[in-house]
Amino acid sequence: MALRVVILGAGFGGLELSTMLSEAVADDVAVTLIDRSDSFVFGYSKLDVMFGRTTLDAVRLPYRDVVKPGVRFVRETISAIDPEARRVTTDAGVHEADVLVVALGADYDLDATPGLVEAGNEFYSVEGAERLAQLLPGFSAGRAIVGVCGAPFKCPPAPSEAALLLHDYLSERGVRAACEITVVIPFGTPVPPSPDTSEALVAAFAERGIEFVSSRRVASLDGARGVAVLDDGSELAFDLFLGVPKHRAPDVVVASGMTEDGYVPVSSQTLETRFPGVYAVGDVATVGVPKAGVFAEGAARVVAEALIASIRGSGPAGTYGGRGSCYVEFGGGRVGRVDVDFFSGPKPTGTFRTPTWTLVDEKREFGSSRRARWFGT
Ligand SMILES: Cc1cc2nc3c(=O)[nH]c(=O)nc-3n(C[C@H](O)[C@H](O)[C@H](O)COP(=O)(O)OP(=O)(O)OC[C@H]3O[C@@H](n4cnc5c(N)ncnc54)[C@H](O)[C@@H]3O)c2cc1C
């Protein structure tokens with residue numbers, strides 16, 4: 001009997017897990033990969049879409065291309081998860097699992113920030129990035145804020161990248177001198193585990209006249225007065241607000257009873273939840289690493305190795321290392337890299353690779369290698 005593995009969510013985590021199982025044990029698994037969407041978009045592609053560097057059609061990877069032995073992709077919306085029975089209900093029926101893997105990512109809670117929908121914009125969803133691609137050409141003068149509305153949030157360098165790319169975008173249009181850019185981040189530094197990366201970003205802000213407000217979160221927007229109210233009550237005037245919305249686990253995960261303090265607690269070594277045969281990987285889980293695709297992928301690999309080892313009856317699989325590399329857009333066509341390690345030492349460490357054009361190619365290869373493995377295109 002093939003092991004029935006039901007994977008909820010075909011993002012970084014779900015795609016890597018299903019690919020590894022197909023590559024290693026296709027004859028011994030029946031993987032059902034469920035996602036409500038028809039396509040996958042890399043997180044960083046949203047920045048490219050927003051600044052008109054590409055189109056959504058060019059970066060959308062359709063799930064119909066996920067054709068792998070042992071794996072069946074179904075486009076369904078998950079409406080209930082029973083972790084004790086390992087049973088999942090969708091808009092199309094019920095899936096029973098021997099092994100259930102929750103990889104549903106994090107949703108956005110726009111209503112948690114009063115005024116965000118009415119007076120601001122978010123660039124973290126595909127729809128938000130597309131809307132901004134239409135709106136940004138109309139911004140030629142005034143005060144722009146890139147502001148984070150809550151932590152934790154995906155890809156901690158992303159707001160800094162957005163501010164630097166906004167500088168380039170306005171400079172290329174010849175309107176930078178008529179605009180101010182402020183970035184508001186709820187951490188003391190842009191990328192806390194890596195002082196070198198943070199220092200380089202703060203220097204890049206200073207060189208470009210971008211104001212950096214640290215250790216503050218945007219609590220609300222007052223559209224009538226055109227001000228962003230920060231969590232200490234101070235105010236910043238804006239004409240354009242580009243927000244990172246507050247994140248939360250998808251409602252269906254919260255309703256399943258699996259969450260504590262908002263997300264699904266798991267073993268940081270094995271990604272197992274407290275329910276036998278149920279794992280959680282990626283942004284939906286609390287593991288002690290940031291919410292980023294590389295960490296979701298690394299966690300998925302550990303689950304895949306454990307399942308492959310149990311199917312083959314081989315020795316125990318490895319444990320999760322909490323390491324990952326993130327590419328950071330510095331503007332001017334250059335990309336830096338930060339290699340972070342969360343579990344090896346007493347505290348997280350990050351090694352910075354200074355921005356170069358070579359790393360632009362490496363970032364491109366990061367995307368194309370995954371596209372080839374996951375989608376065969
Ligand atoms: C602007 C931006 C830039 C980023 N840059 C980077 C970067 O450079 N490097 C990096 O590593 N990470 C980056 N990220 C973060 C990265 O995109 C996420 O951390 C990553 O996608 C998380 O993977 P995941 O598998 O946990 O969830 P996701 O990739 O979010 O996948 C979850 C899936 O679950 C599906 N789903 C949710 N609810 C349901 C439901 N009820 N029914 C069916 N399906 C459902 C969704 O459709 C989605 O496809 C960036 C993110 C943003 C927003």
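A residue counts as near a molecule or strand if its C-beta atom, placed from the backbone, lies within 6 Å of it. With that in hand, the ligand is a handy place to start. The model is a predicted one, so local features need pLDDT of at least 70 and side-chain atom pairs count only at pLDDT 80 or more, while totals for chains, interfaces and linings use all residues. Numbering runs from 1 along each chain as its sequence is written.

There are 35 residues around the ligand, and Gly9, Gly11, Gly43, Gly105 and Gly282 come nearest. Helix H1 (12-25), strand E2 (29-35), H2, helix H9 (293-312) and strand E23 (323-331) each give two or more residues to this shell; helices (H or I, at least four residues) and strands (E, at least two) are DSSP runs, numbered from the N terminus. By class, the shell has 19 nonpolar, 10 polar and 6 charged residues. Here Ala, Val, Leu, Ile, Met, Phe, Trp, Tyr, Cys and Pro are nonpolar, Asp, Glu, Lys and Arg are charged, and the others, Gly among them, are polar.

The chain splits into domain 1 (3-106 + 249-320) and domain 2 (111-247), with bounds from an automatic or database domain assignment. Both domains give residues to the shell, so the ligand lies between them. Taken over C-alpha atoms, the domain centres are 30 Å apart. Contact between the domains (C-beta atoms, placed from the backbone, within 7 Å) involves 14 residues of domain 1 and 17 of domain 2. On the domain 1 side, helix H2 (residues 45-50) supplies the largest share, 4 residues. That side is made up of 9 nonpolar, 2 polar and 3 charged residues.

Back to H1 and H9: these helices pack at an angle of about 30°, with axes 8 Å apart. The axes are lines fitted to C-alpha atoms over the stretch in contact, and angles run from 0 to 180 degrees between N-to-C directions. That makes H1 roughly parallel to H9, as angles under 35 degrees count as roughly parallel. Residues in this contact include Phe12, Leu17 and Met20 of H1 and Ala296, Val303 and Ile308 of H9. The contact residues divide into 14 nonpolar, 2 polar and 3 charged.

Two backbone details round things off. Most residues other than glycine have a negative phi, and most peptide bonds are trans. The bond from Ala151 to Pro152, though, is cis, with omega near 0°, and Pro152 sits in the loop between strand E12 (142-148) and helix H6 (158-172). Ser215 has a positive phi, near 55°, in the loop between strand E14 (210-213) and strand E15 (218-222).

Definitions and conventions: Contact = placed C-beta atoms within 7 Å. Parallel < 35°, antiparallel > 145°, perpendicular 65-115°, else oblique.
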